[in-house]
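Trainee: I would like a close look at a single part of this model, the sheet of the second chain, and then at what surrounds that part. Could you take me through it slowly, in one connected account?

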Amino acid sequence: MLFVVAFLAERAAKRGRARWLNSPIIYTLSLSVYCTAWTFYGAVGFAARSGLEYLTIYIGPTLVMIGWWWVLRKLVRVGRAQRITSIADLISNRFGKSNTLAVLITLMAVAGTTPYIALQLQSVTLSFSAFAAAGPNAEGFGSAATAFWVATGLALFTVLFGTRNLDVNERHHGVVMAIALEAVVKLIALLAVGVFVVWGLGGGLGPVIEQIEASEIAEWEIAPSRWVALIALSAAAFLTLPRMFQVLVVENDDERHLRFAAWAFPTYLLLINLFIVPIAVVGQNILPEATNPDLYVLSVPLVSGEAGLATLSFLGGFSSATSMVIVAAIALSTMVSNHIVMPIWLRVTGGGALVSGDLRNVVLLSRRFSIIGVVFLGYVYYRISGGGAALAAIGLVSFAGVSQFLPALLGGLFWRGATRSGALAGLLVGFVIWLWAMFLPSFGPDAALSADVLAHGPWGIAALKPQALFGFVGLDPLVHAVFWSLTLNTVSFVVVSLASFPSPMERLQGAQIVDVFKHSSSGQRWRGGMAQSEDLLLMAQRIVGATQAQGLFRRVASEQGLEGYLPEPTPEFLNLLERELAGSVGAATAHAMVGQIVGRAAVSVDDLIAVADEAAQIMEYSSQLEEKSEELIRTARQLREANEKLTELSHQKDAFLSQISHELRTPMTSIRAFSEILRDSDGLSGDDQSKYSSIINSESVRLTRLLDDLLDLSVLENGQVSMNLEDGLLVDVLDRAVAAAGLIGKVSIVRRREREQMVIHTDLDRLCQVFINLIANAQKYCEALEPELKIMTSAKDGRLYIDFIDNGLGISRDEQLVVFEKFSRLGDDRESGAGLGLAICREVMQRLDGTISYLPGQGGTAFRVSLPFED
Amino acid sequence: MGKTVVLVEDEPNIIEAISFILSRDGWTVHTHSNGDTAMATLEVRAPNLILLDVMLPGRSGFDILSDIRGHAVLAQTPVMMLTARGQTKDRERAMELGASRFMTKPFSNSEVLDAVRELATS
């Protein structure tokens, strides 16, 4: 039987893949994994025991599908955008990719799903025993052995079909197809039984309604608190059951399928539930008192001798059970393998064997063992709980367990302030309360908790009594557990979230997920595409400039055959754009930016690190630029200084030329004027004529001397003259100088010739020129009534000093500073030459390794000449 | 004719030459050779014409020129600048300050005479 279904499923999957797989019908049918054996068998039992209360289990999902389709849409969008593989993956992703959270949720999911799997095993076992009891070989089917073999079979089946291939998106098209087929099988089976019961046994619609009116079900009072709790519970479980999350989000191919499913799935639920009450009522009427109401669907046709219908019914129940176990096992094994086994394996092996083939095998192996583990946990639960509990009660334990995910899930989706610590706190609190108040007591007294603990609380603390926490007595155990666990879960989640700060990763993921519609494309491709392109253009303009960005976009658009600036965001275009942007902002940043807009990839930590690296590089680059610019500033300053020097030199040159011009033009003016007077004026006296002629003569001499001095100075300054070094006596040089200059004027020269007898090695003629200049200056400028010039010689420390000191007024401090500059004639004395004499002296002495300086504080004008000298 | 000219110049030979040619043209020539005290002489003499050298001991010809142009009595007196520094910027500066003529040394006597006559009649 098992394999018939398997082959059927596989064939259907293979055949239908191309045409059917992407249809919203398949999606809707796959959602029917919600209706398990619990629905198939348990709903009738539930109705028989608790009246219309069973409907709450289906009202919840209906409300979610119709009223909360926007929550579902967001879930699906996030799932696509973040490549979510399970509910643990989603919540851990939202809260900063926290693995702690993922592990906790995985454990909770396993714990919560285990009773559910046990429920399936129980129902299959029950149906087997009921079916077999009526058949020829009734013996040999012990219920425990049956359950074991059913578990083994289901595990094998799931391993075969659930881990056939390893898909990155964790999609299992084949399995989905099989589930869809099973959905059809169970619907048809239930409808067929229903039709048979109403028209075959009950004698038509009218009599059946009468029977219902007469039965206990009609008299059943509705307990409002239980109704509210159950509706809320089933709605929550619809979103948070691992298997529901698997088909709803992970296996979703197209967001638009949700719109179809929003009305189609409630319709399916309605059809499934159509005949539950008639079957329950008719079953109660025609079957013996001891018959398990959970098996009415099967036992009614059996008792009526309809073997074919019974087989169909059995198949329907079997389908319900297997589809649930398969999907739950796949979802749980994905979680266990991704969040528990793989992290441990990678840590143990140090991630060294990351060769794709190896890893693939490890993952597959861990999935398979996880599946087997999960299924057999269900078996263990079934064994411990004794297999006697009603199906619906077991299912509710499971619902309450997984609905603990709801606060973290919804908070994560809609509240940016939610934090990892908040989620952890809420989940832990909810989980613990659920374990204590619901899961452990579900095994029955003295199985997991002793009857004493149940009745009086642990260590006699009444406030901790599992079914009357904090002294709340009198509530229905289910309502009690759901109320406390979910309330305290939510409160802890909110309070701790408010009190803690999210990490950067949490903020980032939070923004990505809460604002998923801003970041990712909508289901309608073309509109989303254009909107994305517009965003991309806005971003690109900001980065590379409007002209370049628009040029690129228009070019690509025209290549795609579109008009305007907005091309379809094809992968080729996105890659091109990324490369274009990378030139400006770096590859990682470009990738992250484009990824943000098209929602193609979440920004991973690696992306962020790469972005940070780029930023660091840019900072380093800019600091290099800063250094460069400092260097440039230095260079500029040097250039400016050099330029100032040049300008100063140029000013000096201008001043010098202007001075030369003046010195030359002045005598020439006199010469020209008097020569014209001599030429043009009649009747000049002889005296005048000779006076004017001698002026012309003296001015000509002045001109000549000026030119001689200029040339001399120029030659000295340019270093073009060679000094004629020879040995001689200082006294001889001074004698020559005095003879040349000293005898012209009235200045008396005072010397001590006995002190001047030293031999000097120098250019004697040039030295003599300096001496003549100094004596001549004294002749010209000494204002004393009895002018006198003392020439004093001394030698000290290898230098020879010759001082020329007159008895005049001396020169002022200011004039001392400029006395050696060219054309620096002092005062308004007309006797002076061009003002080049001392400048020439300075040049000469420099060439002779000597100095000439003004000697202050000697009374009159005093100059000191020094020369190198060896004793 | 009673026309007076003040020559402010520090080069004795040039003073002698200019004095000679202007006297023979009928001018009464007063001379002054120091920049610092030139204004006093000018105020006293209140001449019909001023010949002013640029490079003087003490205050320069330019300083004296701007004083003349700001002086109540002398402001309208024609001033002929004389300079041995034949640079364009000196000429420009002289004209800006209100010089009537600018003459670069060396000059011919007839040039000076023509200029002086022209300034006297204007």
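Mentor: From the N terminus on, the elements of chain B run β-α-β-α-β-α-β-α-β-α, which gives the chain five helices and five strands. Please keep in mind throughout that this is a predicted model. Of the 122 residues in chain B, 34% are buried, and among its contacts with a separation of 6 or more, 56% join residues that lie 24 or more positions apart.

The five strands form an open sheet, and their order across that sheet is E2-E1-E3-E4-E5 in chain B, with parallel pairing. The edges are taken by strand E2 (27-32) and strand E5 (101-104) of chain B, and because each has a single partner strand, one side of each is left without a neighbour in the sheet. From one strand to the next the twist averages 20°. As a general point, the strands of a sheet pair through backbone hydrogen bonds, either parallel or antiparallel.

Let us now settle on strand E3 of chain B, which stands between E1 and E4 in the sheet order. On one side, strand E1 (residues 3-8) of chain B and strand E3 (residues 49-53) of chain B pair in the parallel sense over four bridges. Along this pairing B:Val5 stands opposite B:Leu49 of E3(B), while B:Leu7 stands opposite B:Leu51 of E3(B). On the other side, E3(B) runs parallel to strand E4 (residues 79-83) of chain B, and four bridges join the two; here B:Leu52 stands opposite B:Met81 in E4(B).

How many residues of E3(B) are buried? Five of the five are, so E3(B) is largely enclosed by the rest of the structure. To call a residue buried requires 20 or more other C-beta atoms within 10 Å of its own, and in E3(B) this holds on both faces, since B:Leu49, B:Leu51 and B:Asp53 point one way and B:Ile50 and B:Leu52 the other way, and all are buried. In soluble globular proteins, nonpolar side chains tend to be buried together.

Some of the surroundings come from a helix: helix H2 (residues 38-45) of chain B packs on the sheet and touches E1, E2 and E3 of chain B, and its direction makes about 180° with that of E1(B).

Following the chain onward from the strand, we come to B:Met55, which lies in the loop between E3 and helix H3 (61-69) of chain B. B:Met55 has 19 other C-beta atoms within 10 Å, and it is therefore partly exposed. Not counting residues up to four places away in sequence, B:Met55 touches B:Ser60, B:Thr83, B:Ala84 and B:Arg85, and also A:His662 of the other chain. The C-alpha atoms of B:Met55 and B:Thr83 are separated by 7.1 Å, although these two residues are 28 residues apart along the chain.

The contact with A:His662 leads us to the meeting of the two chains, where 18 residues of chain A are in contact with 18 residues of chain B. On the side of chain A that touches chain B, the elements that give two or more residues are helix H30 (605-680) and helix H31 (686-718) of chain A. H30(A) gives the most to that side, with 14 residues, and by class the side of chain A that touches chain B has five nonpolar, six polar and seven charged residues.

For contrast, consider the interior of the model. The largest nonpolar core holds 166 residues, of which A:Val44, A:Ile91, A:Ile105, A:Val193, A:Ile279, A:Val297 and A:Val375 touch the most other members. Apart from that core lies another, of 37 residues, and among them are B:Ile21, B:Ile68, B:Met80 and B:Ala99. Returning to chain A, A:Ile91 is in contact with residues including A:Phe405, A:Ala408, A:Leu409 and A:Gly412, once its neighbours within four places in sequence are left aside. A:Ala408, A:Leu409 and A:Gly412 are among the buried residues of H20(A), a helix (residues 406-414) that is mostly covered, with eight of its nine residues buried.

H20(A) in turn meets helix H23 (residues 477-499) of chain A, the two axes coming within 9 Å and crossing at roughly 40°, in a right-handed crossing. There A:Pro407, A:Ala408 and A:Gly411 in H20(A) meet A:Asn489, A:Thr490 and A:Phe493 in H23(A), so that by class, with glycine counted as polar, the contact has three nonpolar, three polar and no charged residues.

Terms used
Residues numbered from 1 in each chain as written. Chains lettered and ligands numbered in written order. Predicted model: local features only at pLDDT ≥ 70, side-chain atom pairs only at ≥ 80, totals over all residues. Pairing = 2+ DSSP bridges. Axes fitted to C-alpha atoms, helices over the stretch in contact; angles between N-to-C directions. Contact = placed C-beta atoms within 7 Å. Core = buried A, V, L, I, M, F, W, Y, C linked by C-beta atoms within 7 Å. Buried ≥ 20, exposed ≤ 12 C-beta atoms within 10 Å, placed from the backbone. Left-handed = near helix turned anticlockwise from the far one by under 90°.
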